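User: Please take a close look at the part of this model towards the C-terminal end of the chain. Describe what lies there, then set it against the rest of the protein.

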Amino acid sequence: MSNANINALNAFSTMVSVSAHNIANVSTPSFTSSRVALESMLAPNGVHVQNSANQNTSETPPEIQAERARLDSTTPSNPSQVDLAREMVNLNVAENGFAANVQAIRTEDEMSRQIIEMVT
């Protein structure tokens, strides 16, 4: 099997996991969604997850964190920062990427089987 296809399957699997985590926390007050960035690797290796981090990458000062905590305790609902439309698109991208790489692995296996049959 191709190492590039296996790496891509792992990357798309991580993408689905992060989207599922974000969707599961859509009703969690003040939840900050995470994201996945895919990055190309050198020729034989395909694609991998560059990072899986919260969208808010800046360091929040303690004073602001304390004020947010105070507001969270007094305000009944601070909406989460999950964009459901983006998460659905990410799930579709991951599903199609996963399907394409599975088909590539199946094709490679079928070609290998036919070569073995021709030799024997």
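Analyst: Residues are called buried under 20% relative accessible area, exposed over 50% and partly exposed in between, using a 1.4 Å probe and protein chains only. The model is predicted, and local features need pLDDT of at least 70, side-chain atom pairs count only at pLDDT 80 or more, while totals for chains, interfaces and linings use all residues. Numbering starts from 1 along each chain as its sequence is written, and side-chain values use heavy atoms, with hydrogens and water left out.

The part in question is helix H3, residues 84-119. Helices (H or I, at least four residues) and strands (E, at least two) are DSSP runs numbered from the N terminus. The protein has three helices and two strands, in the order α-β-β-α-α from the N terminus on.

Start at the end of the helix. Valine 119 lies in H3 and has 67% relative accessibility, so it counts as exposed. Together with Ile115 and Met118, Val119 makes a nonpolar surface patch of about 370 Å². Such a patch is built from residues with over 30% relative accessible area and no salt bridge, nonpolar side chains (Val, Leu, Ile, Met, Phe, Trp, Tyr) being joined within 5 Å; the areas come from the Shrake-Rupley method with a 1.4 Å probe.

The charged side chains come next. A salt bridge here is a side-chain nitrogen of Lys or Arg within 4 Å of a carboxyl oxygen of Asp or Glu. Side chains of opposite charge can pair when their charged atoms come close. By this rule there are two salt bridges, and arginine 113 takes part in the one with glutamate 110 and in the one with glutamate 117. For the pair of arginine 113 and glutamate 110, the N to O distance is 2.3 Å. These two residues are three apart in H3, so about one helical turn separates them. For arginine 113 and glutamate 117 the N to O distance is 2.4 Å, and here the spacing within H3 is four residues, again about one turn of the helix. Glu110, Arg113 and Glu117 thus form a network of salt bridges.

Accessibility along this network can be read residue by residue. Glutamate 110 has 34% relative accessibility and therefore counts as partly exposed. Arginine 113, at 39%, is partly exposed, and glutamate 117 is partly exposed with a relative accessible area of 46%.

Isoleucine 105 is also in H3, but its relative accessibility is 9%, so it counts as buried. Its C-alpha atom is 7.0 Å from that of asparagine 5, a residue 100 positions apart along the chain. In the protein as a whole, buried residues make up 22% of the 120 residues.

H3 also takes part in a cavity. On a 1 Å grid over the protein atoms alone, a cavity is a set of points where a 1.4 Å probe fits but cannot get out, and lining residues have an atom within 4 Å of a point. Points are joined across faces, edges and corners, and the volume is the space filled by probe spheres set on them. The search of the whole structure finds one cavity of 30 Å³ or more. The largest cavity holds about 60 Å³. H1, E1 and H3 are the elements that each give two or more residues to its lining. The lining residues are Met15, Val18, Ser19, Asn22, Ser34, Arg35, Val36, Glu87 and Asn90. H1 gives the most, with four residues. By class the lining has three nonpolar, four polar and two charged residues, where Ala, Val, Leu, Ile, Met, Phe, Trp, Tyr, Cys and Pro are nonpolar, Asp, Glu, Lys and Arg charged, and the others, Gly among them, polar.

Away from H3, the loop between H1 (3-24) and strand E1 (34-40) holds serine 30. Serine 30 has a positive phi of about 60° although it is not a glycine, and at 32% relative accessibility it is partly exposed. Phenylalanine 31 is in the same loop between H1 and E1 and is buried at 13% relative accessible area. The C-alpha atoms of phenylalanine 31 and serine 80 are 4.6 Å apart, although 49 residues separate them along the chain.

Technical notes: Patch = residues over 30% accessible without salt bridge, like charges linked within 9 Å, V, L, I, M, F, W, Y side chains within 5 Å. 1 Å grid on protein atoms, 1.4 Å probe; cavity = no way out; pocket = protein on both sides within 12 Å on 5 of 7 lines; lining within 4 Å.
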